[in-house]
Amino acid sequence: MQPVKYKRATSVAEAVSLLQGGGEFARPLAGGTDVIVQARERRRDIDLFVDIKHIPELMAISHDANGVTIGAAVPLHLVYGDAKIVSQWPAVTEAAHVIGGTAIQGRATLGGNLCNSSPAADSIPAMMVLDAVAHIAGPNGKRDVSVREFCTAPGRNVLALGEFVVSISLPKPPAGSGGAWQRFIPRNEMDIAVVNAGVWVQLDGANVTDARFALGAVAPTPIMVPAAAEALIGKPLSDATIAAAGDAAKAAAKPIDDMRGSVKQRKHLAKVLTERTLRHAIERARGQA
Amino acid sequence: MVSTEKPRQYKVVGTRPIRPDGVDKVTGRAAYGADTKAEGMLFGAVLRSPHAHAIIKSIDTSKAEALPGVKAVVTARDFGAHAGGGVVDLGETRGQANYMQDNVLANHKVLYHGHAVAGVAATDQHIAEDALALIDVQYEVLPFVIDVREAMLDTAPILLDDLRTTVRAANSTLPTDKPTNIALHMSLEKGDLEKGMAEADVIVEREFETGMFHQGYIEPQNATAFWNRDGEITVWTSTQGAFSVRDAMAALCKVPVSKIKIVPMEIGGGFGGKLGVYLEPIAALLSRKTGHPVKLWMTREAVFQATGPTSATYMRVKMGAKRDGTFTGAYAYLAYEAGAFPGSPMGAGAQCAFAPYNIPNQTVEGFDVVINGPKTAAYRAPGAPASEFAVEAVVNELAEQLEIDPIELRLRNASKEGTPNTVGQPFPRIGAVEVMDAMKSHPHYASELTGEDVGRGVAVGFWFNGGMESSSSAAVNSDGTVSLILGSTDIGGSRASLAMQLAETLGLTMDDVKPQVVDTDSVGWTHVTGGSRTTFAGGWVAYELGMQIREQMRERAAQIWEVDADKVTYGDDGAIHGPDSKTMSFAELSGQLAATGGRIAVSASLTKNTQGPAYAGHIVDLKVDRDTGKVEILRYTAIQDVGTAIHPSYVEGQIQGGVAQGIGMALNEEYIYDDEGRLRNGSFLDYRMPVANDLPMIDTVLIEVPNPGHPYGVRGVGEVPIVPPMAAIQQAIYDAIGTRFYVTPISPRRILEETMPD
Amino acid sequence: MSNRVKTDRIVITAKINGDERTFLADERDSLLEALRERIGLTGAKEGCNNGNCGACAVLLNGVLVNSCCVMAAEIEGAELTTVEGLAGPEGLHPLQQAFLEEAALQCGICTPGFLMASKALLDENPHPTEHDARFWLAGNLCRCTGYDKIIRAVLKAADQMGSNGR
Ligand SMILES: Cc1cc2nc3c(=O)[nH]c(=O)nc-3n(C[C@H](O)[C@H](O)[C@H](O)COP(=O)(O)OP(=O)(O)OC[C@H]3O[C@@H](n4cnc5c(N)ncnc54)[C@H](O)[C@@H]3O)c2cc1C
Ligand code: FES
Ligand code: FES
């Protein structure tokens, strides 16, 4: 482990000032499942951990009429342990449930998954299709950024010096809609996604009135696939329209070859997963799953 | 399920007692190598090469040495003279001392990514790691070669300037006087291959490649060494062979063996990968320089980069059979990479390849080739999984072409007692036929496979099993218990299996025997725990100790009763019987030993060069997801001739563990190198060993065909279960989706890319 | 890489296996390093040091975590259970007993992690199915056993604890 100092923040303001004071080499410490390993393997230059788990807002889950706000440092096991989140935003809890293993989920957070900004991060496509918003605090006060616009490059995001994510909101899904998330990994657990996919659909009978598609691990950041939505919106559901959405996903995927997957494999999986996830989302929209 | 050929009544053998070291291992008290703590101990770290192949132009350690807390830095220079070309016996493998030394710390060249270059000792682990960044090594990067076939080309970069091809093949055309990467070309011939092929009605010939697979033990290599001012060296380490480590240390540090004591700590898995030395000499050199004990352990990444893997191979296998299924001829071409220094397990692979079958005409040709990868180490049935995968896959194809049930085809050709093996020696009593019969009649084989894209595959496997030298001693305690002192390190229950054999011999219970593994100063020379030899050879010694104790107990009872010793018998109930129904229990007599001539202590060293070959037959059902290429194992049955199952639970466990490793090799495990020869996936996240929810329960059937060369009929059980999975799974995937794969692992990516429409 | 800052020795107080302990650690120690090298509790094992194997698993405030992915400084004021704290004065925990009886360990290096993970499982789900147990334990690697006997031991302990009302 490189020399890293540890400081505990107990309020948002304190965290902002510690982060600002620490400069470019200071990092929030949420679950630490990315950042501790990165510091140990000297893969990222880090001087200071600011532990954000003792800030009340960061550890709270609050439900209201508009949806839910999840503190950025709430560990995943509490996210999928919240029955309301599971029933209303299953796409997110599906992802939360398979990030790492049980011991990782005891610590890892949605905030950390988002801010680590890996192209393969599992929860991000799920949050993207659910219109999630990140609430950010920083030296210049607060601002909100859609999760869709959050990541800018592998390991990079919109956060400026001294800024951090306080919480993430998921708006209440309208009736008749459904979301789902899936990934492909070679093992059944403990693997980084070769491709992952989030889908959300709004149905009116057999017609799709709205849809959102997102893919991970097929581009430098998780991406939205508007073309897949266009292939579906306003059309009746059929194998053909589902396949068209899958084809659009495949076309939108611009993956790289790396040790976890090849271009050919990933493009193909983008289609397969999009279609499978879409079918699952449709079942949910119909109240069947 | 246990099926016994000729039931023999044992009291302890065949039961399932709780192992003697169990409680310490479930309470966290058991001391493994990295748990070592010594007064004044320093912490070490090792700097490793970022390049696959480079000349070390210079190493500047001054900045590192200047870091507060750093006590010493060592490089290859600290070995002093270069070790000679003498051979160190590592049990399942051997190593030339000079190569071993160059592997431990690179001399003038680094030969693979992760090759150790320097070691640091500091007062704190963090400081030792910080110091690594301050060591300035200048490299001249050289072209590298990782693929075995490329390494064999004349144009390949040469790794070792002094290496020349050793030829043990009649018709070799390879030069023996030119620099090369081919360390050995050998061939084994029996009968007349051409004639055999001419007699065949059907011939199948296929090419195969298998990857590098790591043993994947969960405990990284470690060593703590103290080089005392009087020149005595003590090393605490997790090793499969305390005595082989001592020999290697002596050769590398140029110290007589009498000055070295190896204390074997609990060992967190080895599978062949912990036979050699890696950190022990570095820790010793650091200790000599600092005067303190120094502890080192490897990062997981270093374990992948610089230890372990088994050889990647390129193979061609050709087999011919008559219409009725009789095998007439067989040829195998086996090229095994050895990593950066010679010594792949190709020879064992060659001898195992056709061992399950009686094939009169056969030739096996083999090559041992160096590449810019980690020096390969033994891995469970070293060499056999690859060559037998190729042969079994060809046998399955022959069965299909001949339209003969694949198990039936194997039965028709099965090796039996007396069948000459590949080197012409007749097999002793073996259980190949029994295993194949059991496969055929197993309900799994008869069951119906249902569902889409599901398939079934079968394959068999063979492994010699080792014997070799073991030593132990035993002492009778006054309360009627017996202390058993073992030279074999225990990697998975051998304390239990050896204590059980002594208890059986003495007619005592398992609780009456207290086994303990001791250091190299405290017991006679003992070969490594490997080659499935420990329960076999160590059991021989335990039996011998038991017989000596029985004899002495008899004599002692005779003295007490004042009768002739030949009037006294030692009963299988563990009691001593004299004339006139005189009888004394073992415990009673033990209590009187001190007062009647002294306590009894015995020792024995035996070399057993007999083999108790093992056969295994596996049946697997699986399902392929055609859209993703993912394979799900639905059902797995492993049938094996285990000789006698001393502790059936641990025999089953060995089989299940071997199967799981074999499944990993077949489906997902692989070494991935980038364009610069750097290992990309040196972590448990990306070197994908099976996790708990990747596997079903693994059913085992223990066939007991006792080994006539052992008092309890023991055959080694640990290695052969890793042999059949690759071929069985390859066949099952073909059965499911109609595509045969000749390259492992058969990963989702490979399946998808092969079967996907463009 | 950075040596811009110097880490300090820090004093940490936490409740470890029921007892309040105060110890000195380096600011950059992981919890695993502190347990093993500063406190002398070597039951938690290092298999990978990056969260992938579960050999270092402990319960932090009752939650299963990999101690290699926790900073020692973070446990100030927390409650920790390690494998050394599993057996009570009345004897082995039913999981420990079941692991012994079912031969669920060979080399035993993974055992502390499996025991802690299994304890967390049974705390949360006293009657797991085989599927539940395999999924929950997927973050714990065992290379020796093929998992079969481990899963059986966990299910057996669950049964016994259920019938004992524990
Ligand atoms: C064994 C293992 C398996 C894994 N498997 C998966 C997997 O299957 N899928 C997956 O997606 N990921 C996986 N990961 C990665 C990791 O667990 C996840 O990304 C996790 O969600 C990170 O959360 P954390 O709280 O631990 O983040 P941390 O490590 O605490 O932080 C991650 C990064 O985000 C920053 N950060 C954290 N919180 C905030 C905040 N509130 N505001 C601003 N910046 C912040 C940190 O400074 C750091 O740069 C795995 C990791 C390990 C070790
Ligand atoms: S050592 Fe912590 S998970 Fe492997
Ligand atoms: S028993 Fe050896 S790793 Fe599990």
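Q: What share of the area that chain C exposes is supplied by carbon and sulfur atoms?
A: This is a predicted model, in which local features need pLDDT of at least 70, side-chain atom pairs count only at pLDDT 80 or more, and totals for chains, interfaces and linings use all residues, while side-chain values use heavy atoms and leave out hydrogens and water. Residues are numbered from 1 along each chain as its sequence is written, and chains are lettered from A and ligands numbered from 1 in the order in which they are written. Accessible areas come from the Shrake-Rupley method with a 1.4 Å probe, and for residues only the protein chains shown count as cover. Chain C exposes about 5500 Å², and the share of it that carbon and sulfur atoms supply is 45%.

Q: In what order do the elements of chain C run from the N terminus?
A: Helices (H or I, at least four residues) and strands (E, at least two) are DSSP runs, numbered from the N terminus. Chain C has five helices and five strands, and from the N terminus on their order is β-β-α-β-β-β-α-α-α-α.

Q: Why is chain C as compact as a globular protein of its length, and what is its radius of gyration?
A: The radius of gyration is taken over C-alpha atoms, and the globule rule is 2.2 Å times the number of residues to the power 0.38. For 166 residues this rule gives 15 Å, and chain C counts as being as compact as a globular protein of that length because its radius of gyration is close to that figure, at 17 Å.

Q: What percentage of the residues of chain B count as buried?
A: Buried means under 20% relative accessible area, exposed over 50% and partly exposed in between, with a 1.4 Å probe and protein chains only. In chain C, buried residues make up 65% of the 166 residues. Of the 758 residues of chain B, the percentage that count as buried is 68%.

Q: Which three residues supply 17% of the area that chain B buries against chain C?
A: With contact meaning heavy atoms within 4.5 Å, 59 residues of chain B are in contact with 52 residues of chain C. Buried area is the accessible area (1.4 Å probe) that two parts lose on being put together, summed over both, and for chain B and chain C it comes to about 4600 Å², with 55% of it on carbon and sulfur atoms. The residues that supply 17% of the chain B part, more than any other three, are B:Val26, B:His126 and B:Met697.
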